[in-house]
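Open the model in a viewer and keep a selection box ready. The stops below go from the whole chain to single residues.

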Amino acid sequence: MFQDAEFAITGTLPASAEWSYEEAFSRNLGLISPSEQERLRQSRVAIAGLGGVGGVDLVALARLGIGKFTIADPDVFELRNMNRQYGATRSTEGHLKAEVMRDVVLNINPEAEIRVYCKPIGPENTASFIEGADVFVDAIDAFEIDLRRLLYRKAQQRGIYALGAGPFGFSTAWSVFDPTGMTFDRYYDLSDQMSAVEKFVAFVAGAAPSSTHRPYMDLSYIDLENHTAPSAGFACHLASGVVAVEVLKILLGRGRIYSAPYFHQFDAYRGIYVRKRLRGGNRHPLQRLKRRRLLNFINQSNSAVQTG
(Lines give C-alpha, C1' and ligand atoms only; values in the text may rest on other atoms or scores of the structure.)
Protein backbone atom coordinates (compact mmCIF):
# COMPACT_ATOMS: atom_id res chain seq x y z
CA MET A 1 0.00 0.00 0.00
CA PHE A 2 2.87 2.36 0.75
CA GLN A 3 4.93 1.66 -2.34
CA ASP A 4 5.50 5.40 -2.90
CA ALA A 5 6.81 5.93 0.61
CA GLU A 6 10.35 5.69 1.83
CA PHE A 7 10.37 4.11 5.28
CA ALA A 8 12.50 5.20 8.21
CA ILE A 9 11.17 3.40 11.27
CA THR A 10 13.70 4.26 13.94
CA GLY A 11 16.97 6.10 14.32
CA THR A 12 20.16 4.82 15.91
CA LEU A 13 21.94 6.09 19.01
CA PRO A 14 25.51 5.47 20.17
CA ALA A 15 25.72 2.27 22.22
CA SER A 16 26.66 4.25 25.32
CA ALA A 17 23.59 6.51 25.15
CA GLU A 18 20.38 5.66 26.95
CA TRP A 19 16.98 6.63 25.64
CA SER A 20 13.73 6.83 27.56
CA TYR A 21 10.55 8.17 26.02
CA GLU A 22 9.13 8.76 29.49
CA GLU A 23 12.13 10.84 30.56
CA ALA A 24 12.37 12.74 27.28
CA PHE A 25 8.78 14.01 27.55
CA SER A 26 8.44 14.09 31.35
CA ARG A 27 8.14 17.88 31.41
CA ASN A 28 4.82 17.57 29.58
CA LEU A 29 3.36 15.97 32.72
CA GLY A 30 1.19 18.31 34.70
CA LEU A 31 -0.22 19.62 31.43
CA ILE A 32 -0.75 16.13 30.02
CA SER A 33 -1.49 13.05 32.12
CA PRO A 34 0.66 9.90 31.76
CA SER A 35 -2.19 8.09 29.99
CA GLU A 36 -2.67 11.02 27.61
CA GLN A 37 1.05 11.08 26.87
CA GLU A 38 0.87 7.42 25.93
CA ARG A 39 -2.07 8.19 23.65
CA LEU A 40 0.03 10.82 21.87
CA ARG A 41 2.85 8.29 21.60
CA GLN A 42 0.55 5.93 19.70
CA SER A 43 -0.97 8.62 17.44
CA ARG A 44 -0.05 9.33 13.83
CA VAL A 45 -0.10 12.80 12.26
CA ALA A 46 0.18 13.30 8.49
CA ILE A 47 1.86 16.56 7.46
CA ALA A 48 1.98 17.71 3.84
CA GLY A 49 4.62 20.37 3.24
CA LEU A 50 7.79 20.82 5.33
CA GLY A 51 8.77 24.39 4.55
CA GLY A 52 8.12 27.54 6.55
CA VAL A 53 5.14 26.21 8.49
CA GLY A 54 5.37 22.44 8.04
CA GLY A 55 8.87 22.11 9.46
CA VAL A 56 8.04 23.89 12.70
CA ASP A 57 4.67 22.12 12.88
CA LEU A 58 6.52 18.82 12.73
CA VAL A 59 9.04 19.79 15.41
CA ALA A 60 6.37 21.17 17.75
CA LEU A 61 4.40 17.92 17.46
CA ALA A 62 7.52 15.77 17.84
CA ARG A 63 8.39 17.62 21.07
CA LEU A 64 4.82 17.06 22.24
CA GLY A 65 5.63 13.35 22.04
CA ILE A 66 3.61 12.34 18.97
CA GLY A 67 5.09 8.96 18.13
CA LYS A 68 4.16 8.43 14.47
CA PHE A 69 4.29 10.70 11.44
CA THR A 70 3.68 10.61 7.72
CA ILE A 71 5.49 13.52 6.07
CA ALA A 72 5.69 14.71 2.47
CA ASP A 73 7.60 17.33 0.51
CA PRO A 74 9.28 16.88 -2.90
CA ASP A 75 11.41 20.04 -2.67
CA VAL A 76 14.96 20.73 -1.50
CA PHE A 77 16.17 23.48 0.83
CA GLU A 78 17.40 26.65 -0.87
CA LEU A 79 19.11 29.85 0.25
CA ARG A 80 15.85 31.81 0.03
CA ASN A 81 14.34 29.50 2.69
CA MET A 82 16.73 30.70 5.44
CA ASN A 83 14.47 33.38 6.92
CA ARG A 84 11.70 31.03 7.99
CA GLN A 85 12.18 27.28 7.40
CA TYR A 86 13.26 25.11 10.33
CA GLY A 87 15.43 22.73 8.33
CA ALA A 88 17.07 25.41 6.18
CA THR A 89 20.78 25.79 7.00
CA ARG A 90 23.92 26.12 4.90
CA SER A 91 24.63 22.44 5.47
CA THR A 92 21.18 21.34 4.20
CA GLU A 93 21.07 23.42 1.00
CA GLY A 94 20.19 21.12 -1.88
CA HIS A 95 18.99 18.35 0.44
CA LEU A 96 15.45 16.99 0.32
CA LYS A 97 13.28 18.68 2.93
CA ALA A 98 11.48 15.46 3.84
CA GLU A 99 14.72 13.59 4.54
CA VAL A 100 16.24 16.46 6.52
CA MET A 101 13.13 16.84 8.69
CA ARG A 102 12.88 13.08 9.21
CA ASP A 103 16.36 13.19 10.72
CA VAL A 104 15.44 16.20 12.89
CA VAL A 105 12.55 14.24 14.39
CA LEU A 106 14.67 11.14 14.95
CA ASN A 107 17.19 13.26 16.82
CA ILE A 108 14.36 14.32 19.12
CA ASN A 109 12.72 10.91 19.42
CA PRO A 110 14.75 7.99 18.02
CA GLU A 111 11.75 5.71 18.54
CA ALA A 112 9.52 7.74 16.22
CA GLU A 113 7.93 5.87 13.35
CA ILE A 114 8.08 7.98 10.20
CA ARG A 115 6.82 7.38 6.68
CA VAL A 116 8.52 9.72 4.23
CA TYR A 117 7.22 10.84 0.83
CA CYS A 118 9.83 12.58 -1.28
CA LYS A 119 7.68 12.42 -4.40
CA PRO A 120 4.85 14.88 -5.06
CA ILE A 121 1.49 14.02 -3.53
CA GLY A 122 -1.26 13.65 -6.10
CA PRO A 123 -4.37 11.63 -6.98
CA GLU A 124 -2.35 8.42 -7.33
CA ASN A 125 -0.91 8.41 -3.78
CA THR A 126 -3.16 10.63 -1.67
CA ALA A 127 -5.03 7.66 -0.18
CA SER A 128 -1.82 5.94 0.95
CA PHE A 129 -0.49 9.22 2.36
CA ILE A 130 -3.58 9.73 4.54
CA GLU A 131 -3.87 6.03 5.45
CA GLY A 132 -3.50 5.39 9.18
CA ALA A 133 -3.39 9.05 10.18
CA ASP A 134 -5.40 10.33 13.14
CA VAL A 135 -5.11 13.97 12.01
CA PHE A 136 -4.06 15.69 8.79
CA VAL A 137 -2.01 18.91 9.02
CA ASP A 138 -1.95 21.15 5.96
CA ALA A 139 1.36 22.97 5.51
CA ILE A 140 1.26 23.13 1.72
CA ASP A 141 2.47 26.13 -0.27
CA ALA A 142 -0.27 28.78 -0.17
CA PHE A 143 -0.50 28.78 -3.97
CA GLU A 144 -1.22 25.03 -4.29
CA ILE A 145 -4.98 25.10 -3.89
CA ASP A 146 -6.05 22.02 -5.86
CA LEU A 147 -3.70 19.74 -3.89
CA ARG A 148 -5.23 21.12 -0.70
CA ARG A 149 -8.72 20.39 -1.96
CA LEU A 150 -7.73 16.82 -2.73
CA LEU A 151 -6.14 16.18 0.68
CA TYR A 152 -8.97 17.76 2.69
CA ARG A 153 -11.44 15.65 0.73
CA LYS A 154 -9.47 12.48 1.49
CA ALA A 155 -9.24 13.40 5.18
CA GLN A 156 -13.01 13.86 5.32
CA GLN A 157 -13.54 10.50 3.61
CA ARG A 158 -11.23 8.92 6.21
CA GLY A 159 -13.26 10.54 8.99
CA ILE A 160 -10.37 12.54 10.46
CA TYR A 161 -9.90 16.19 11.32
CA ALA A 162 -7.88 18.38 8.95
CA LEU A 163 -6.37 21.73 9.84
CA GLY A 164 -3.81 24.26 8.79
CA ALA A 165 -2.31 27.52 10.04
CA GLY A 166 -0.37 29.98 7.94
CA PRO A 167 1.71 33.14 8.40
CA PHE A 168 -0.09 36.35 7.48
CA GLY A 169 2.28 39.24 8.03
CA PHE A 170 3.32 39.11 11.68
CA SER A 171 0.28 36.98 12.55
CA THR A 172 -1.07 33.50 12.05
CA ALA A 173 -4.53 32.50 10.83
CA TRP A 174 -5.97 29.03 11.06
CA SER A 175 -9.03 26.89 10.41
CA VAL A 176 -10.02 23.41 11.56
CA PHE A 177 -12.25 21.12 9.50
CA ASP A 178 -14.41 18.55 11.27
CA PRO A 179 -15.00 15.50 9.03
CA THR A 180 -18.73 15.77 9.79
CA GLY A 181 -18.90 19.54 9.36
CA MET A 182 -18.50 22.13 6.61
CA THR A 183 -16.18 20.97 3.85
CA PHE A 184 -13.04 22.77 2.67
CA ASP A 185 -14.53 23.55 -0.75
CA ARG A 186 -17.76 24.80 0.78
CA TYR A 187 -16.04 27.09 3.27
CA TYR A 188 -13.68 28.62 0.71
CA ASP A 189 -16.29 28.57 -2.08
CA LEU A 190 -13.99 26.72 -4.49
CA SER A 191 -14.86 24.96 -7.74
CA ASP A 192 -13.09 23.36 -10.67
CA GLN A 193 -14.29 26.13 -12.97
CA MET A 194 -12.27 28.83 -11.18
CA SER A 195 -8.91 30.04 -12.47
CA ALA A 196 -5.74 29.51 -10.43
CA VAL A 197 -5.73 33.19 -9.44
CA GLU A 198 -9.38 33.07 -8.36
CA LYS A 199 -8.68 29.99 -6.22
CA PHE A 200 -5.69 31.65 -4.58
CA VAL A 201 -7.68 34.79 -3.83
CA ALA A 202 -10.54 32.74 -2.36
CA PHE A 203 -8.12 30.82 -0.16
CA VAL A 204 -6.32 33.90 1.15
CA ALA A 205 -9.56 35.81 1.79
CA GLY A 206 -11.18 32.86 3.54
CA ALA A 207 -8.15 31.98 5.63
CA ALA A 208 -7.93 35.41 7.28
CA PRO A 209 -11.25 37.24 6.86
CA SER A 210 -10.41 39.82 9.56
CA SER A 211 -7.16 40.77 7.77
CA THR A 212 -5.50 42.09 10.94
CA HIS A 213 -2.20 42.12 9.03
CA ARG A 214 -3.42 44.32 6.19
CA PRO A 215 -2.44 47.74 7.67
CA TYR A 216 1.27 46.90 7.64
CA MET A 217 1.62 44.43 4.76
CA ASP A 218 2.56 45.47 1.21
CA LEU A 219 0.58 43.18 -1.10
CA SER A 220 2.57 44.30 -4.13
CA TYR A 221 5.22 41.75 -3.09
CA ILE A 222 2.86 38.87 -3.87
CA ASP A 223 4.28 37.17 -6.96
CA LEU A 224 1.83 34.64 -8.39
CA GLU A 225 4.13 33.56 -11.20
CA ASN A 226 6.97 32.58 -8.85
CA HIS A 227 4.74 31.54 -5.93
CA THR A 228 6.26 33.98 -3.45
CA ALA A 229 4.79 36.36 -0.88
CA PRO A 230 6.02 38.16 2.25
CA SER A 231 6.57 35.67 5.08
CA ALA A 232 8.31 36.07 8.46
CA GLY A 233 9.93 33.21 10.33
CA PHE A 234 8.39 34.00 13.70
CA ALA A 235 4.90 34.05 12.17
CA CYS A 236 5.56 30.46 11.11
CA HIS A 237 6.41 29.65 14.73
CA LEU A 238 3.15 31.25 15.85
CA ALA A 239 1.40 28.97 13.36
CA SER A 240 3.13 25.87 14.71
CA GLY A 241 2.04 26.70 18.25
CA VAL A 242 -1.64 26.89 17.41
CA VAL A 243 -1.43 23.78 15.21
CA ALA A 244 0.11 21.79 18.07
CA VAL A 245 -2.61 22.94 20.49
CA GLU A 246 -5.41 22.06 18.08
CA VAL A 247 -3.88 18.65 17.34
CA LEU A 248 -3.52 17.97 21.07
CA LYS A 249 -7.17 18.85 21.67
CA ILE A 250 -8.30 16.64 18.79
CA LEU A 251 -6.21 13.61 19.76
CA LEU A 252 -7.00 13.82 23.47
CA GLY A 253 -10.62 14.93 23.15
CA ARG A 254 -9.97 17.95 25.35
CA GLY A 255 -11.78 21.26 24.99
CA ARG A 256 -14.06 22.59 22.30
CA ILE A 257 -12.90 22.53 18.69
CA TYR A 258 -14.07 25.63 16.84
CA SER A 259 -14.24 24.14 13.37
CA ALA A 260 -15.25 25.80 10.10
CA PRO A 261 -17.12 28.01 9.51
CA TYR A 262 -15.18 29.40 12.50
CA PHE A 263 -11.83 30.99 11.71
CA HIS A 264 -9.05 32.28 13.97
CA GLN A 265 -6.32 34.90 13.65
CA PHE A 266 -3.73 35.96 16.20
CA ASP A 267 -1.67 39.03 15.35
CA ALA A 268 1.30 39.30 17.72
CA TYR A 269 2.37 42.62 16.17
CA ARG A 270 -0.94 44.35 16.82
CA GLY A 271 -1.92 42.33 19.91
CA ILE A 272 -5.18 41.14 18.39
CA TYR A 273 -6.90 37.76 18.59
CA VAL A 274 -10.01 37.13 16.50
CA ARG A 275 -12.28 34.09 16.49
CA LYS A 276 -15.49 34.41 14.56
CA ARG A 277 -18.09 32.27 12.84
CA LEU A 278 -18.15 33.19 9.17
CA ARG A 279 -21.73 32.45 8.17
CA GLY A 280 -21.80 30.97 4.69
CA GLY A 281 -18.01 30.89 4.56
CA ASN A 282 -16.56 32.72 1.58
CA ARG A 283 -20.02 33.16 0.11
CA HIS A 284 -20.82 35.79 2.70
CA PRO A 285 -21.48 39.11 0.88
CA LEU A 286 -18.56 40.88 2.60
CA GLN A 287 -16.23 38.06 1.62
CA ARG A 288 -17.36 38.26 -1.98
CA LEU A 289 -16.52 41.97 -1.95
CA LYS A 290 -13.08 41.35 -0.42
CA ARG A 291 -12.35 38.70 -3.01
CA ARG A 292 -13.27 41.01 -5.89
CA ARG A 293 -11.08 43.80 -4.52
CA LEU A 294 -8.10 41.50 -3.94
CA LEU A 295 -8.50 39.92 -7.38
CA ASN A 296 -8.59 43.35 -9.03
CA PHE A 297 -5.52 44.45 -7.05
CA ILE A 298 -3.53 41.37 -8.06
CA ASN A 299 -4.57 41.62 -11.71
CA GLN A 300 -3.65 45.30 -11.81
CA SER A 301 -0.30 44.63 -10.14
CA ASN A 302 0.51 41.84 -12.58
CA SER A 303 -0.45 44.05 -15.53
CA ALA A 304 1.80 46.83 -14.23
CA VAL A 305 4.74 44.44 -13.87
CA GLN A 306 4.25 43.04 -17.38
CA THR A 307 3.93 46.53 -18.87
CA GLY A 308 7.04 47.70 -17.01
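Start with everything selected. The protein chain has a radius of gyration of 19 Å, which agrees with the value near 19 Å for a compact globule of 308 residues; the radius is taken over C-alpha atoms, and the globule rule is 2.2 Å times the number of residues to the power 0.38. Along the principal axes, the C-alpha atoms fill a box of roughly 65 × 40 × 40 Å.

This is a predicted model, in which local features need pLDDT of at least 70 and side-chain atom pairs count only at pLDDT 80 or more, while totals for chains, interfaces and linings use all residues. Residues are numbered from 1 along each chain as its sequence is written, and side-chain values use heavy atoms, with hydrogens and water left out.

Switch to a cartoon. The protein chain contains ten helices and nine strands; both are DSSP runs numbered from the N terminus (helices H or I, at least four residues; strands E, at least two). Colour by accessibility next: buried residues make up 51% of the 308 residues. Buried means under 20% relative accessible area, exposed over 50%, and partly exposed in between, with a 1.4 Å probe and protein chains only.

**Annotated span**

Select residues 26-284. The UniProt annotation "domain: THIF-type NAD/FAD binding fold", from an unreviewed entry, covers this range; UniProt positions are given in the numbering used here, feature names are shortened, and annotations may be inferred rather than shown by experiment. The span is 34% helix and 18% strand, and its end C-alpha atoms lie 46 Å apart.

**Helix α4 and strand β4**

Select residues 97-108. This is helix α4, with twelve residues and a reach of 17 Å from its first C-alpha to its last, close to the 16 Å expected at 1.5 Å a residue. The expected span is 1.5 Å times one less than the number of residues. Nine of the twelve residues of α4 are buried, so the helix is largely enclosed by the rest of the structure. Among the buried residues are K97, R102, M101 and L106.

Move to residues 113-117, strand β4. Four of its five residues are buried, so β4 too is largely enclosed by the rest of the structure. Add residues 68-72, strand β3: five bridges join β3 to β4, and the two run parallel. Two strands pair if DSSP finds at least two bridges between them. To check the register, pick T70, whose bridge partner in β4 is R115.

**Aromatic rings**

Show the side chains of Phe, Tyr and Trp. The structure holds 20 aromatic pairs. Rings pair if their centres lie within 6.5 Å (the six-membered ring for Trp); planes under 30 degrees apart count as stacked, over 60 as edge-to-face and the rest as tilted.

Select Y21 and F25. They form a tilted pair, 4.7 Å centre to centre with 50° between the planes. Y21 counts as buried because its relative accessibility is 3%, and F25 counts as buried at 5%.

Next, select Y152 and F184. This pair is stacked, with 4.2 Å between centres and 20° between the planes. It links distant parts of the chain, 32 residues apart: Y152 is in helix α6 (residues 145-158) and F184 in helix α7 (residues 184-188). Both Y152 and F184 are buried. Widen the selection to one aromatic cluster whose members include Y152, F184, Y117, F129 and F203.

Which residue lies over the face of Y21? Select R41: it sits 4.1 Å from the ring centre of Y21. A charge sits over a ring if NZ of Lys or CZ of Arg is within 6 Å of the ring centre and within 35 degrees of the ring normal. R275 likewise lies over the face of Y258, at 3.8 Å from the ring centre.

**The β8-β9 hairpin**

Stay with R275, which stands opposite H264 across the β8 and β9 strands. Six bridges join β8 (residues 262-267) to β9 (residues 272-277), and the strands run antiparallel. They form a hairpin with four residues between them, and G271 in the turn has a positive phi of about 65°.

**Backbone exceptions**

Most residues other than glycine have a negative phi, and most peptide bonds are trans. Select A260 and P261: a cis peptide bond joins them, with omega about 20°. P261 is in the loop between α9 (233-252) and β8.

D189 is not a glycine, yet has a positive phi of about 60°. It lies in the loop between α7 and α8 (196-207) and is buried, with a relative accessible area of 15%.

End at S211, also not a glycine, with a positive phi of about 50°. S211 is in the loop between α8 and α9 and is partly exposed, at 27% relative accessible area.
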